[in-house]
Amino acid sequence: MVVLYGSILGLFLLLFCLAKWQGVGVSAYLYEWGRKKGMFGHEDIRNNIRLLQPDSGGRAEREGVYLRRFYISKIKLLLQMIFIGNLFALCLFIKSGSEHVLKDGKYIIRNAYGMGNTETNLQVRAEDENGMAGHQEFTFIVEEQQYEEILVKQMADRLVQDLPDMILGCNSSLEEVRADLNLMREAEGYPFRIEWESNDYSCIDSDGSIMNEGLKEEGKVLSLTAALIYGTFQEEYIFPVHIFPPLYTQEEKFKKKVYEMLILQEERNRCEEQVELPEQVEGRKLIWSEKKEEESGTIFFLICIAAAVVYFLRDRELRDKVEARNRQMLLDYPQLVSRVALYIGAGMTVRNVFRKIAGDYQKEKKAGGEMHYAYEEMLLTCHELDSGISESAAYEHFGRRCRMIQYMKFSNLLVQNLKKGSNGILEALRQEAKNAFEDRRNMARKLGEEAGTKLLLPMMLMLGIVMVLIIIPAYFSFSV
């Protein structure tokens, strides 16, 4: 994994050097490279940019600036997430690799006094004359270095009296054991380590697991030995239990034997700084390794997926902005048509009406007003008129840029007014304004219904909470 993380960092360094050599940022360098390969030429995104930036309409250089800014921001966010995720995963990998407990392939470092026990996940490969056998896994606990032996006889006697009740688990007594026993390794309030041994491991394991499949009705009586260990002090107590065992497989017997050797080695070297693991069991060579739970690769993979999702969600965000723009233009349409009809009724020409409305909007925007796309398009139409474009062409461009049926109908009315004269234009605009206000009321009603539907689930949840608050006190009052 370290090769992968290092390669990614090297790739970032290479991109940084190439970008500096070109005199641009890394995101801009990748954008220019991808643009030459035809990777950033999606027409849908270009159209959405054109809708959200009215001042870029008809001007390729401005449109290219907005498009370039959009893609560079997406690439920058993607690179930041991958870079941070790679550093985080690399730190986890280094941290995981630095916490070694196994030394020189066969020693486990014991914690000093008061530092607590060390729990180690081990893997072992057993070699025989036929070659390598399969892996075995162990969870092995190495106790801390102990102080000099102290007198704990009274505590041991008290614990021995309590143990029969403490290990019962779900059973009623040791005379009738039908479920797993709770063979604890430590007892709260006591300094002892408890080692359990059974005279028949095929019936009961040292962890208390009961295997009772296939036994006869009368079952089987065996003895369970508890060894209380603290330093050099050790006391054993035998419990008679009734149990029913199956047979171990050869692999399980070998694993049990290896585990017994581990326990024996740990007990022999109790006062040493390290524990030597057995090198051979039953003529089979043991090769030990430490099992690591290393999750940096998974975390890095998830972060890369999240970065890719965020990258593509930027396109969805752009589409949402276009939808919001369309809703705003629909809401502004009735007022816009009404103002045009009002000014034309007052005797102004259509050209002057556009200049008046666009000029008022520009003043409001400079004073801190909100941006309205419909009036931005009118402002752009005024610029076209000032540049020498004919009125009919400018109004047609206005309708096409808005890309909405209502505005295209409005622009057609203005073009017909130029071609056929002003007869009937005022009445047509007033009728259009009336229809637009009716459409706006219908839209408001529809949005209200959608909002009510969205509130249905929270209301049902609140109803459920209220019912619980009412029913529970009533239930307990009846119970009393």
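Tutor: Let's start with a word we need: a helix here is a DSSP run of H or I at least four residues long, and helices are numbered from the N terminus. In this predicted model, I305 is found in one such run, helix α7.

Student: Why is I305 called partly exposed?

Tutor: Buried means under 20% relative accessible area and exposed means over 50%. I305 has 38%, so it counts as partly exposed. I305 also helps make a nonpolar surface patch of about 470 Å², together with F301, L302, V309 and L313.

Student: L330 is found in helix α7 too. What makes L330 partly exposed?

Tutor: Its relative accessibility is 21%. The cut-off for buried is under 20%, so L330 counts as partly exposed. Leaving out residues up to four places away in sequence, L330 touches M404, Q406 and M443. The C-alpha atoms of L330 and A436 are separated by 8.7 Å, although these residues are 106 apart along the chain.

Student: A436 is in α12, I see. How do you know whether the length of helix α12 agrees with its number of residues?

Tutor: Helix α12 has 30 residues, 425–454, and at 1.5 Å a residue it should span 44 Å. The end C-alpha atoms are 43 Å apart, so the two values agree.

Student: Which helices do the buried residues of α12 pack against?

Tutor: They pack against α7 and α11. The buried residues are I425, L429, E432, A433 and A436.

Student: What makes strands β5 and β6 a pair?

Tutor: Pairing needs at least two bridges, and six join β5 to β6, so they pair. The two strands run antiparallel, with W196 opposite A226 in β6.

Notes
Residues numbered from 1 in each chain as written. Predicted model: local features only at pLDDT ≥ 70, side-chain atom pairs only at ≥ 80, totals over all residues. Heavy atoms only, no water. Expected span 1.5 Å × (residues − 1). Buried < 20%, exposed > 50% of the residue type's maximum accessible area, 1.4 Å probe, protein only. Contact = heavy atoms within 4.5 Å. Patch = residues over 30% accessible without salt bridge, like charges linked within 9 Å, V, L, I, M, F, W, Y side chains within 5 Å. Areas by Shrake-Rupley, 256 points an atom, 1.4 Å probe, with all protein chains shown as cover. Salt bridge = Lys/Arg side-chain N within 4 Å of Asp/Glu carboxyl O.
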